[in-house]
Amino acid sequence: MDKPAYAKGLEGVIAAESQICQIDGEAGELYYMGYSIEDLAAHCSYEEVTYLLLYGELPDKDRLECFSRKMKAGRELVPPIRDMIRNFPSDAHPMELLQSVIAYLSGYVEHKIHHSDTCNCRSTLHQIAQLPSVIATYQRFKDGGDYVAPRSDLSHGANFLYMLSGEEPDPMEGHIMDKCLTLHAEHGFNASTFTSRVVASTKSTCYCSISAAIGALYGSLHGGANEKVVAMLDDIGEVSKVRPWIEDALACKQKIMGMGHRVYKAKDPRAIIMTDFLEQLSRKKGDSRYLDMLGRIESVFREKMEEKGKPIYPNVDFISGAVYLMLGIKPILFTPLFAAARAAGWLAHILEQRIGNRLYRPRALYTGQKPKPFVALEERG
Ligand code: COA
């Protein structure tokens, strides 16, 4: 038998078949179930995209209405979850809170059902529906505010902004928030999605799979680059300081946050759509500080990388942090929001994993000691 190939970090290894997401990294294209991210962002609500990911096709009007009703009904946080948010250790990160809430939610469904191949997660939907409510409530309690009950007449994104601020968001801002969730809903076999599939492959529950995925996303190599982009903007301070800042950073071999991507070798299509949102928000608020600085960073960085013959383009995180700041969202909520959006993709992958499931069981290349004689405790030096 041939020796199995070894690829550190499973790089380049095809571990499963999937019909959910297609990425053409060279061309900078992204598709969910065959639909381009441009079309989905232009024409669909986050709920519609969630339906697409879970059922493999776009819903007709009746199906969308029924699905939407279920999602909206799932937004409310029951009192024990509100208490959990209030009493969670104040130093804990909201990603740890999200993991715990998901684990807790599993107590609200019948275990025999949610352990089986045909679990009822497609119809309970509370995991996807409640994450934005948890994030908004976490921030409200932290700021000394009260719980704001969800509204069913608002989109998924607009309702999040409403629950966060207690005020109905401006329609354009609610619309942009909903689209930001769509842009983050799915992205192929990344580390958190793979985690969710590994857990699903053991025939564990959707709840365990999603809480594990949240744990994987929490890591600084996966979620969180947009938080660092915002910190970079703070550090640079103003447009005139961009060039020296970038030159110094590159001279110190520092990576510029929000630039480059493992898969995209062209501009991330989500970054293009996000830039449009940032332009709209900057115009509306009469404040183009972030837009101007990001534009300058991109052009100086491109010039420097072209000098080295290494074209590297912005990814979605380059722009998303500035968009979130302009929507009134604090940086600590950026990665939790990513999780809230990605819950739809994770659930789609978990359900797909269960079809013709095979337990994931890779092997390690053993590099330890050769077998040796055992030494009794009293004889060890
Ligand atoms: N800033 C400066 N240089 C960068 C860079 C960045 N953001 N991204 C890549 N490069 C350089 C590397 O230093 C490397 O140079 P070298 O050949 O002289 O060593 C070259 O470009 C290739 O980079 P590499 O690390 O092989 O690319 P990758 O595809 O493995 O890495 C990332 C992709 C995302 C890990 C990397 O681009 C990065 O760290 N980006 C910043 C963090 C970020 O925005 N993450 C969010 C991703 S969605």
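**Reading strands and helices**

Biologist: In strand 3, which residue is the bridge partner of tyrosine 32?

Modeller: The bridge partner of tyrosine 32 in strand 3 is tyrosine 35, and please keep in mind from the start that this is a predicted model. One residue further back along the chain, tyrosine 31 stands opposite serine 36, which also belongs to strand 3. Strand 2, residues 29-32, pairs with strand 3 in the antiparallel sense, and that pairing runs over two bridges. The two strands form a hairpin with two residues between them, and methionine 33 in the turn has a positive phi of about 50°.

Biologist: How many bridges join strand 1 and strand 2, and in what sense do they pair?

Modeller: Strand 1 and strand 2 pair over four bridges, in the antiparallel sense, with isoleucine 23 matched to leucine 30 of strand 2. Here too there is a hairpin, with four residues between the strands, and glycine 28 in its turn has a positive phi of about 70°.

Biologist: In what order do the three strands stand in the sheet, and why do strand 1 and strand 3 each have one side without a neighbour?

Modeller: The open sheet has the order 1-2-3 with antiparallel pairing. Strand 1 (21-24) and strand 3 (35-36) are at the edges and have a single partner strand each, so one side of each is left without a neighbour in the sheet. As for the faces of strand 2, Leu30 and Tyr32 are on the covered one, whereas Glu29 and Tyr31 are on the uncovered one.

Biologist: Moving on to helices, which residues of helix 14 are buried?

Modeller: A residue counts as buried when its relative accessible area is under 20%, and in helix 14, residues 242-251, the buried ones are Val242, Trp245, Ile246, Ala249 and Leu250. Seen down the helix axis, these residues fall within an arc of 125°, so they line one face of the helix. Helix 13 (225-236) and helix 16 (289-307) are among what covers them, while on the other side of helix 14 Asp248 and Ala251 are exposed. Just after helix 14, lysine 253 takes a positive phi of about 60°.

Biologist: At what angle do helix 8 and helix 18 pack?

Modeller: Helix 8 (residues 126-142) and helix 18 (residues 334-353) pack at an angle of about 175°, with their axes 9 Å apart. Because an angle over 145 degrees counts as roughly antiparallel, that is how these two helices are described. Helix 8 contributes Ile128, Leu131, Pro132 and Ile135 to the contact, and the residues from helix 18 include Pro336, Leu337 and Leu347. By class, the contact has 11 nonpolar residues, no polar and no charged ones.

Note on methods:
Residues are numbered from 1 along each chain as its sequence is written. This is a predicted model: local features need pLDDT of at least 70, side-chain atom pairs count only at pLDDT 80 or more; totals for chains, interfaces and linings use all residues. Side-chain values use heavy atoms; hydrogens and water are left out. Axes are lines fitted to C-alpha atoms, for helices over the stretch in contact, and angles run from 0 to 180 degrees between N-to-C directions. Angles under 35 degrees count as roughly parallel, over 145 as roughly antiparallel, 65 to 115 as roughly perpendicular and the rest as oblique. Contact means heavy atoms within 4.5 Å. Ala, Val, Leu, Ile, Met, Phe, Trp, Tyr, Cys and Pro count as nonpolar, Asp, Glu, Lys and Arg as charged, and the others, Gly among them, as polar. Buried means under 20% relative accessible area, exposed over 50%, partly exposed in between (1.4 Å probe, protein chains only). The arc is that of the directions from the helix axis to the C-beta atoms. Two strands pair if DSSP finds at least two bridges between them.
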